[in-house]
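Below is a short set of questions and answers on one chain. The sequence and the model come first.

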Amino acid sequence: MKPWNVEICDVTLRDGEQTPRVSFSCEEKVDIARTLDAIGIEVIEAGFPAVSGNEKRCVKAIADLGLDARICGFARAREPDIMDAIDCGVDMVSIFIPTSDLHIRLKFKKPREQVLDDALAMIDFARDQGVKVRFAAEDASRTDPVFLKEVYRRAAEHGAVLLSFADTVGCLIPDEMRTIMTDLVSSVDRPFCAHCHNDMGCAVANTITAAQAGAFQLHTTVNGIGERSGNASLEEVLVILRQKGGIDRYDLSCLTALSHKVEKYSGIALPKNKPVTGELAFSHESGIHIAAILQDPATYEYFSPALVGGERHFLLGKHTGRKALEHVVATLGCDLSEPQICRLLDLVKEHSEQKCSITPEVLQKLIGRVQQETTV
C-alpha cells in the first residue's frame, strides 16, 4: 500500500490547553513536547504567546529545546501577536482569521474583503521578519465556498506555505469533508491542513477523510482534549495511519504513556473505553473471546496492545468461561481440579451479578472458599 502523504501537527499545548479549566505548567509543556518529538511528530504547536508573559516564556522554552519537530506559534492577524511568536524563536507562525459571515459580522463589523486585506498584510509582515506562515481560516466549514477559495488563493499568493481548514464547531460529517477538501486541494496550489473539532463525534473520521482527500497536515491533540468536546485524538489518528494509511514512521509504543501523562497534567480522566489507550481498550471478559485470544490474539484484537505500549487484561465476571478462568487461576500459581474450577466459575458469576468486581483479592478469597469447601 502506498503511504498517504501526510504529517502531524499536534496542538495539545495550544488548542488542547484551551479545554476549560486546563492549564499546563512550563515543565509539563516541555515534557509533553519532548514525548511528541520522540514519537516523531513533525510539528508541535507550542502555544499562543500573546496570551500572557508566562505563555510566551513556555513557547520560547520549547523552541529552545532543539527538537527535531518544527515549532509553531499561534497568532491573530495582528502585529503584536506575530512579534510575540517570532520573539520565541518559532519555526512557523500560524496566523488565523475568522472567515464565515457569522464570525466576521460579530467580531469585526466590517466587510469581509477588508478583513481579508488586513490579514494578507499581516502575512506580508510576518514574512518580512523571516518566518514561515501557516494561514488558518477559522470557521472555514461554515464559510461561503467561493469566498473561502479566494481567501486561500490570495494567502498562497502572499507566501503562506500552508493553508489550514478549521471545522471550528465540528459541524461536518465525513462525506461533507471529502467533498470540501477535494475541491480545495484541486483549486489552490498549496498543502492543506485539516483542523477538526469533535462536537458531533466526527473529528477523527473527518481528519482521516481529509487525508484521503489530499490534506497534508493533520491536527491532533493527545486524548482528543480541546474546547468543548475536543479535537481529533492523536492516538486514534496515528493508529489509523499505521493500520490503514501505510505509515509506519511514528513510534506508537509511547502513546499509552503519553496519554496517561496528559490525563494527569490536564486533570481530565480518560473514559474507560477510550480507543487505543483506555483502561478497557485491550480488556476482555467474554469467555468465547478469551478462549479464542488464548489461541490467537488477532481473533479479537485488530492491533496488538504492545504496538501502542499497552497491556492485555483478562477480566473475570458474569460472561467469563472456564478456559479464561483456568488461565487466570494458573497465573496466580493455583492448581485447581476440574470440579473446583466449575464451582469457582459459579461463584465468580454469582458475585459479578451482584455488581461486584472480581478483583485479584476477591478472586483469591473465592479460591480459598472453594478449596475449603472441597476439603471439608
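Q: How much area does the chain expose, and what share of it do carbon and sulfur atoms supply?
A: This is a predicted model, in which local features need pLDDT of at least 70, side-chain atom pairs count only at pLDDT 80 or more, and totals for chains, interfaces and linings use all residues. Residues are numbered from 1 along each chain as its sequence is written, and side-chain values use heavy atoms, with hydrogens and water left out. Accessible areas come from the Shrake-Rupley method with a 1.4 Å probe, and for residues only the protein chains shown count as cover. The exposed area of the chain is about 17100 Å², and the share from carbon and sulfur atoms is 50%.

Q: Is Asn 231 buried or exposed?
A: Asn 231 sits in the loop between strand S8 (217-220) and helix H9 (234-244); helices (H or I, at least four residues) and strands (E, at least two) are DSSP runs, numbered from the N terminus. Buried means under 20% relative accessible area, exposed over 50%, and partly exposed in between (1.4 Å probe, protein chains only). Because its relative accessible area is 3%, Asn 231 is buried.

Q: With which side chain does the side chain of Asn 231 make a polar contact?
A: Leaving aside residues up to four places away in sequence, Asn 231 touches several residues, among them Val 11, Asp 15 and His 195, where contact means heavy atoms within 4.5 Å. A polar contact is a pair of N or O atoms within 3.5 Å; within protein, one must be able to donate a hydrogen and the other to accept it, and residues adjacent in sequence count only if both atoms are side-chain atoms. At 3.1 Å, the partner is the side chain of Asp 15.

Q: What percentage of the residues of the chain count as buried?
A: The chain has 14 helices and ten strands, and its C-alpha atoms fill a box of roughly 90 × 40 × 40 Å along the principal axes. Of its 376 residues, the buried part is 52%.
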